[in-house]
Amino acid sequence: MSPTPNTPVRDRLRIAIQKSGRLAEPARALLASCGLSWRESRDRLFCYGESLPIDLLLVRDDDIPGLIADGVCDLGIVGRNVLEEQGSERASLDRAPAFREYRALGFGGCRLDIAVPDGWDWQGPQQLDGKRIATSYPALLSRWLKAQNVDAQVVLLSGSVEIAPRLGQAEAICDLVSSGATLSANQLKPVTTLLQSEAVLAGPADALDATRGELADLLQRRLDGALRIRHSKLLLFQASRRVLPDLLPLLPDAETPTVMRLDDGDDLALQALCHGAVTWQRLEELKRAGARGLMVLPVEGMLA
Ligand code: ATP
Ligand code: ZN
């Protein structure tokens, strides 16, 4: 994004994250696992990056796409639901896309679902024709209704959407669901999903300038590593060459193992980076297939 004439060019990267709420702590923890550290400010709205020129802005999640669009922030960590809602709203107003999803971050998972009263015998979207649907996601819901060719009234509520049917404000709702406990507590059931959501790294639709672009690339490379090692373990073991064909199928999630010959004989030392869970059961299967001296090590860092 090109700076407006009076805006000085920034040579530090600024990332917006949620100040408090579901995404606040996991977002900070993820950035910290990428080696970022900050000096806390008194008002706790701005944190000055110490280890790298990457600062944090702590805001309401709903403000993040707009801050990116306005160039106040370079990147943001926000639910895909918020990003898509505001993106759809811009599109419906014929405004050019100003922000986009860079990558999913693997936390804050939830769905944007249509839910109807428990007693309804759900036949499909056409059943919503002529009904009122309460939601905080009017743009996504309207887009979906249009695609389904359903004529329903969108009732905009900023919170407590799930009680709208009991209050007589709507017949159905369109809301975020994770466990479904809130829905069932309100005698509602999910019937269809409009969007699978999770926290994402968002940034401007246009490229950043060179300095901040480099910082953003560096952060993304570290994020790649941090996300890949989340569930990764290094598996060390020995085995005879003969049993390799039995062992390798037990490591479907492993990168090609490093194989070292132990002596002139058939004995090998192997090291395999596994990206799935290395359970006791799996270790026992490997042992039965001929692996010896199995050792599982945590992975602290990875840079591809
Ligand atoms: P803010 O004060 O920042 O506006 P908020 O009340 O809008 O906070 P939270 O309830 O903290 O936001 O939710 C933030 C994000 O967490 C959601 O936008 C969504 O992406 C994700 N999320 C995950 N599970 C759920 C859930 N069950 N209900 C609502 N949001 C969820
Ligand atoms: Zn919010």
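**Zinc ion and ligand 1: a quick briefing**

The zinc ion (ligand 2) has two protein donors, Asp-61 (OD) and Asp-62 (OD), lying 2.1 Å from it; donors here are N, O and S atoms within 2.8 Å of the metal (3.2 Å for Na, K and Ca), with water not among the atoms. This is a predicted model, where local features need pLDDT of at least 70, side-chain atom pairs count only at pLDDT 80 or more, and totals for chains, interfaces and linings use all residues. Residues are numbered from 1 along each chain as written, chains are lettered from A and ligands numbered from 1 in written order, and side-chain values use heavy atoms, leaving out hydrogens and water.

**The zinc site**
- Four donor atoms surround the zinc ion (ligand 2), and their angles run from 71 to 178 degrees, so the arrangement is irregular.
- Asp-61 is buried at 19% relative accessible area, while Asp-62 is partly exposed at 34% (buried is under 20%, exposed over 50%, partly exposed in between; 1.4 Å probe, protein chains only).

**Contacts of ligand 1**
- A polar backbone atom of Arg-22 sits 2.8 Å from an oxygen atom of ligand 1.
- For Arg-60, a polar side-chain atom is 2.8 Å from a ligand 1 oxygen atom.
- Asp-61 has a side-chain N or O atom 2.9 Å from an oxygen atom of ligand 1.

Key: Four donors count as tetrahedral if all angles lie between 85 and 135 degrees; four count as square planar and six as octahedral if opposite donors are over 155 degrees apart and all others between 65 and 115; anything else is irregular. A polar contact is a pair of N or O atoms within 3.5 Å; within protein, one must be able to donate a hydrogen and the other to accept it, and residues adjacent in sequence count only if both atoms are side-chain atoms.
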